[in-house]
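Ready for some practice in reading a protein structure? Take a look at the model below, then try each exercise before you read its solution.

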Amino acid sequence: MERIRVLIAKPGLDGHDRGALVIAQGLRDCGMEVVYSGLRQTPEQIVQTALQEDVSCIGLSSLSGAHLELFPEVVRLLRERQADDILVIGGGIIPEEDIPALHAAGVARVFTPGTQITEVAEFIRQQLQSRRARPQPLWQKLVQRLDHIGIAVPSVASVLPFYNQLLGLPVIAEEELAAQGIRLVFLQAGDIELELLEPLRPDTPVAQFLQKRGPGLHHVAYAVDNIANALAGLQAAGVPLLDEQPRRGARGKWIAFLHPSAAQGVLTELVQHPDEPSPGTGRLEGAPQ
Ligand code: ZN
């Protein structure tokens, strides 16, 4: 198992580090790798050291009474550097009544004098474990933008005048996917597209969708820059998929559908444009890795 790396840091002006050194040695005895910051560190220096040393936990020790300013500042700087996956705990001489404010500021736990070091070590282990198990916030990294909205219609010809002539959305592409039994018409609506889906045969998913739910919103599609990674990430987070591997959709795009239950009934599609290969996945032939 990977060893846990901890930074024990002394923010503020107090000049006593016996307590911090005892904690550092105690955590080492519990099998952790411990870096000690030295005395009188600013929050900036502490965050800098934490990032350089690639620690997964910072233990802040304060005897100076400035913990209410210094501890939250460390948490804030970590967030600013997008390093708030680093666990922050505190200790030292901290009045009981200050602890709720520190928790609210993002300090995971404040240990008061007399705490057994094994209790501290156990807390760090459990926290890091549950953080690893927690689904990562994929969305920001995953999705570049809304790509298109799919609308199921019994007949493109009868609905096209509404979108094209009344709303003035230009038709940019038409395609029949014989194998899937659908005809697709794409219209440009600003930065995103509408995809009209008309079934060619009654035994197709779109025909069945129309039978069950009637014409209307069929799916929402998001553009991602690496569809294979996106699928793997969502699957690891427990999201049910209809397509575990990307496949070729209309106009050479790589597509994959998530199960509608992932979004409370809204069928969700991921799209990777063939003209936007991402570094390391820029293979236009064969499935992206
Ligand atoms: Zn689509």
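Three exercises with worked solutions follow, all on this predicted model.

**Exercise 1.** Find into which domains the protein is divided and what distance separates their centres.

*Solution.* Start with the bounds: domain 1 covers 5-133 and domain 2 covers 139-272. Next, take the centres over C-alpha atoms; 48 Å separate the two.

**Exercise 2.** Work out which residues coordinate the zinc ion, and why its site is classed as irregular.

*Solution.* Step one is to list the donors: His148 (NE2), Glu195 (OE), His219 (NE2) and Glu269 (OE) coordinate the zinc ion at 2.1 to 2.3 Å. Along the sequence, these donor residues follow the spacing H-x46-E-x23-H-x49-E. The pair His148, in strand E6 (residues 143-152), and Glu195, in strand E9 (residues 192-199), links distant parts of the chain, 47 residues apart.

Step two is to look at the angles. Among the four donor atoms they run from 79 to 162°. Four donors count as tetrahedral only if all angles lie between 85 and 135 degrees, so this site is not tetrahedral and is classed as irregular.

Step three: are His148 and Glu195 buried or exposed? Buried means under 20% relative accessible area. His148 has 2%, so this histidine is buried; Glu195 has 6%, so this glutamate is buried too.

**Exercise 3.** Describe the second largest pocket and its lining.

*Solution.* Begin with the volume, about 680 Å³. Of the 35 lining residues, the closest to the centre of the pocket are Pro205, Val206, His218, Phe257 and Leu267. Then ask which element gives the largest share: H8, with six residues. Finally, sort the lining by class: 17 nonpolar, eight polar and 10 charged residues.

Methods: Residues numbered from 1 in each chain as written. Predicted model: local features only at pLDDT ≥ 70, side-chain atom pairs only at ≥ 80, totals over all residues. Heavy atoms only, no water. Domains from an automatic or database assignment. Donors = N, O, S within 2.8 Å, 3.2 Å for Na, K, Ca; no water. Tetrahedral: all angles 85-135°; square planar, octahedral: opposite > 155°, others 65-115°. Helix = DSSP H or I, 4+ residues; strand = E, 2+ residues; numbered from the N terminus. Buried < 20%, exposed > 50% of the residue type's maximum accessible area, 1.4 Å probe, protein only. 1 Å grid on protein atoms, 1.4 Å probe; cavity = no way out; pocket = protein on both sides within 12 Å on 5 of 7 lines; lining within 4 Å. Points joined across faces, edges and corners; volume = space filled by probe spheres on them. Nonpolar A, V, L, I, M, F, W, Y, C, P; charged D, E, K, R; others polar.
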